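Here is a short briefing to read with the structure open beside you. It goes topic by topic, so feel free to jump around.

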Amino acid sequence: AFLRAVEAVKNAKAIRFSSIITNEEAHILSLLKSKLGIKLFNEDARMFAEFMRSYSSVSGKLHHSATLDAIKVSDAVVVVGSRIATDNPMVRYAITTAARHNGAKVLYAHPMEDTLMQGVVTQMMKYEVGTEEGVMALLAHALTKDADLDENEREFFNNLDFGYLCAETNIGDEEFEQMLYSFKRAKNRVLIVGNDLVSHPRASNIAKLAAIIEKYSDFSLMVVPKAVNTLGVSLIADLDRDEQIS
């Protein structure tokens, strides 16, 4: 049975795997690729890696700045594009800690409300499914409108049709004004973005918008991956775009 498995791997065109594996297993898969010329498919980790590369092109950093400890001591939290209660219970616990111990104001932006976050979320921003790029553009503009952006970044925001974006996302100016007012006295602010943004067709531009917020505002940034070891796999394995080989 073992020999048949070895032959199957040798004759395969690709290995498709999830991110629920260890770093050692990801390294073994990379060795198989280099030895056998086999392709490695993991869309979750591949998209995460591409998102972080786009983020780095603006931020100049390889990794986001926020940590679980930073969330726990924060007094303002924005969550965009994640069902954080189930996507990452550790992040949910950190947000809950911040809300209970620091009185943190928590803005939760998602197409659906999350009953598990009731009592923690102070402002729900419900947007239309698929409009995450518009949401991030509006958020970035609200948080950096007084910042010293470079010429290209300022031109990007000057060319946006904010009326159109508000209509498409179903988010009004007053919601951002409410957010800014509630965060007025906050000193430790964290932006958390989830897998809905990482897997979005316009993820590259969304990643750059997240980097702009981190670079020009007083928000630190955390990108929450889909699976337990998405980050590790994205850093270790040389992944190919999934060709849907049968």
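Lys33 sits in helix H2, which covers residues 23-36. In this predicted model, Lys33 counts as buried because its relative accessibility is 15%, and buried means under 20%. The points below start with the surroundings of Lys33, then turn to the sheet, its helices and the aromatic pairs.

**Around Lys33**
- If you set aside neighbours within four places in sequence, Lys33 is in contact with Ile38 and Leu40.
- Lys33 also touches a run of residues much further along the numbering, namely Asp238, Leu239 and Asp240.

**The sheet**
- Five strands form an open sheet with parallel pairing, in the order S5-S4-S3-S6-S7.
- At its edges are strand S5 (123-125) and strand S7 (219-223), each of which pairs on one side only.
- On average, neighbouring strands of this sheet are turned by 15 degrees against each other, direction ignored.
- Strand S3 (residues 76-80) pairs with strand S4 (residues 105-109) in the parallel sense, over 5 bridges.
- To find this pairing on your screen, look for Ala76, whose bridge partner in S4 is Lys105.

**Helices on the sheet**
- Helix H7 (residues 132-144) packs on the sheet and touches S3, strand S6 (189-193) and S7.
- The direction of H7 makes about 160 degrees with that of S3.
- Helix H10 (residues 173-182) lies across S3, S4 and S5.
- Relative to S5, helix H10 runs at about 150 degrees.

**Aromatic pairs**
- How many aromatic pairs does the structure hold? There are 2.
- One of them joins Phe156 and Phe157, whose ring centres are 5.2 Å apart. Their planes meet at 75 degrees, so this pair is edge-to-face; the cut-off for that class is over 60.
- Phe156 is partly exposed, with a relative accessible area of 31%, whereas Phe157 is buried at 2%.
- The rings of Phe183 and Phe219 also pair, with centres 6.1 Å apart and planes at 50 degrees, so this pair is tilted.
- Why does this pair tie together parts that are 36 residues apart in sequence? Phe183 lies in the loop between H10 and S6, while Phe219 belongs to strand S7.
- Both rings of the tilted pair belong to buried residues: Phe183 has 1% relative accessibility, and Phe219 has a relative accessible area of 3%.
- Phe219 also brings you back to the sheet, since its strand, S7, is one of the edge strands.

Key. Residues numbered from 1 in each chain as written. Predicted model: local features only at pLDDT ≥ 70, side-chain atom pairs only at ≥ 80, totals over all residues. Heavy atoms only, no water. Pairing = 2+ DSSP bridges. Helix = DSSP H or I, 4+ residues; strand = E, 2+ residues; numbered from the N terminus. Axes fitted to C-alpha atoms, helices over the stretch in contact; angles between N-to-C directions. Contact = heavy atoms within 4.5 Å. Buried < 20%, exposed > 50% of the residue type's maximum accessible area, 1.4 Å probe, protein only. Phe/Tyr/Trp six-rings, centres within 6.5 Å; stacked < 30°, edge-to-face > 60°.
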